[in-house]
Amino acid sequence: SPGALLYYYLLFMMTSAIATGTIFVAATDRFYFGKSESNRGLGYAIELAGSSLGALLPVVILLPLLGLNILIISTIALIIVALIGAVLAR
């Protein structure tokens, strides 16, 4: 029924929001560990600016210019490079 689906989607969105929030807190804690005098608000502002560019740039600019296939391939390549960097940075 539609009512049950509403609760399902609400629970799904809440779980995603909690997971995203805890990942952000953990990343901020790891990056600023031992740096109590640093400006965490500036880091958050830069993170928001980067995420807004990451949300708008592919859809508004790159999708019409490159097409869907090239955009998907470049996204997969970027994910692979990020995973290799994460493994090497450990």
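**Reasoning about a predicted three-helix model**

G43 is found in helix 2 of this predicted model.

Me: Why is G43 called partly exposed?
Reply: The relative accessible area of G43 is 26%. Buried would require a value under 20%, and exposed a value over 50%. G43 is therefore classed as partly exposed.

Me: How far apart are G43 and M14 in sequence and in space?
Reply: They are 29 residues apart in sequence, and their C-alpha to C-alpha separation in space is 25 Å.

Me: What makes helix 2 oblique to helix 3?
Reply: Helix 2 (residues 40–66) packs against helix 3 (residues 68–89) at an angle of about 120°, and their axes are 7 Å apart. An angle of 65 to 115 degrees would count as roughly perpendicular, and one over 145 as roughly antiparallel. The angle of about 120° lies in neither range, so helix 2 is oblique to helix 3.

Me: Which residues make this contact, and of what class are they?
Reply: Helix 2 contributes P58, L62, L63 and L66, while helix 3 contributes L68, I70 and L71. By class, the contact of helix 2 with helix 3 has seven nonpolar, no polar and no charged residues.

Me: What is the secondary structure of the protein chain?
Reply: The protein chain comes to three helices and zero strands, in the pattern α-α-α along the sequence.

Me: Why is the protein chain called more spread out than a compact globule?
Reply: The globule rule gives 12 Å for 90 residues, whereas the radius of gyration of the protein chain is 18 Å, well over that value; the chain is therefore more spread out than a compact globule. Its C-alpha trace spans about 50 × 40 × 25 Å along the principal axes. Of the 90 residues, 3% count as buried.

Me: Where in the protein chain is confidence lowest, and where is it highest?
Reply: Confidence is lowest in helix 1 (residues 2–31), at a mean of 85, and highest in helix 3, at 91. The mean pLDDT of the protein chain is 86, with 99% of its residues reaching 70 or more.

Key:
Residues are numbered from 1 along each chain as its sequence is written. This is a predicted model: local features need pLDDT of at least 70, side-chain atom pairs count only at pLDDT 80 or more; totals for chains, interfaces and linings use all residues. Side-chain values use heavy atoms; hydrogens and water are left out. Axes are lines fitted to C-alpha atoms, for helices over the stretch in contact, and angles run from 0 to 180 degrees between N-to-C directions. Helices (H or I, at least four residues) and strands (E, at least two) are DSSP runs, numbered from the N terminus. Angles under 35 degrees count as roughly parallel, over 145 as roughly antiparallel, 65 to 115 as roughly perpendicular and the rest as oblique. Contact means heavy atoms within 4.5 Å. Ala, Val, Leu, Ile, Met, Phe, Trp, Tyr, Cys and Pro count as nonpolar, Asp, Glu, Lys and Arg as charged, and the others, Gly among them, as polar. pLDDT is the predictor's confidence in each residue, from 0 to 100. The radius of gyration is taken over C-alpha atoms; the globule rule is 2.2 Å times the number of residues to the power 0.38. Buried means under 20% relative accessible area, exposed over 50%, partly exposed in between (1.4 Å probe, protein chains only).
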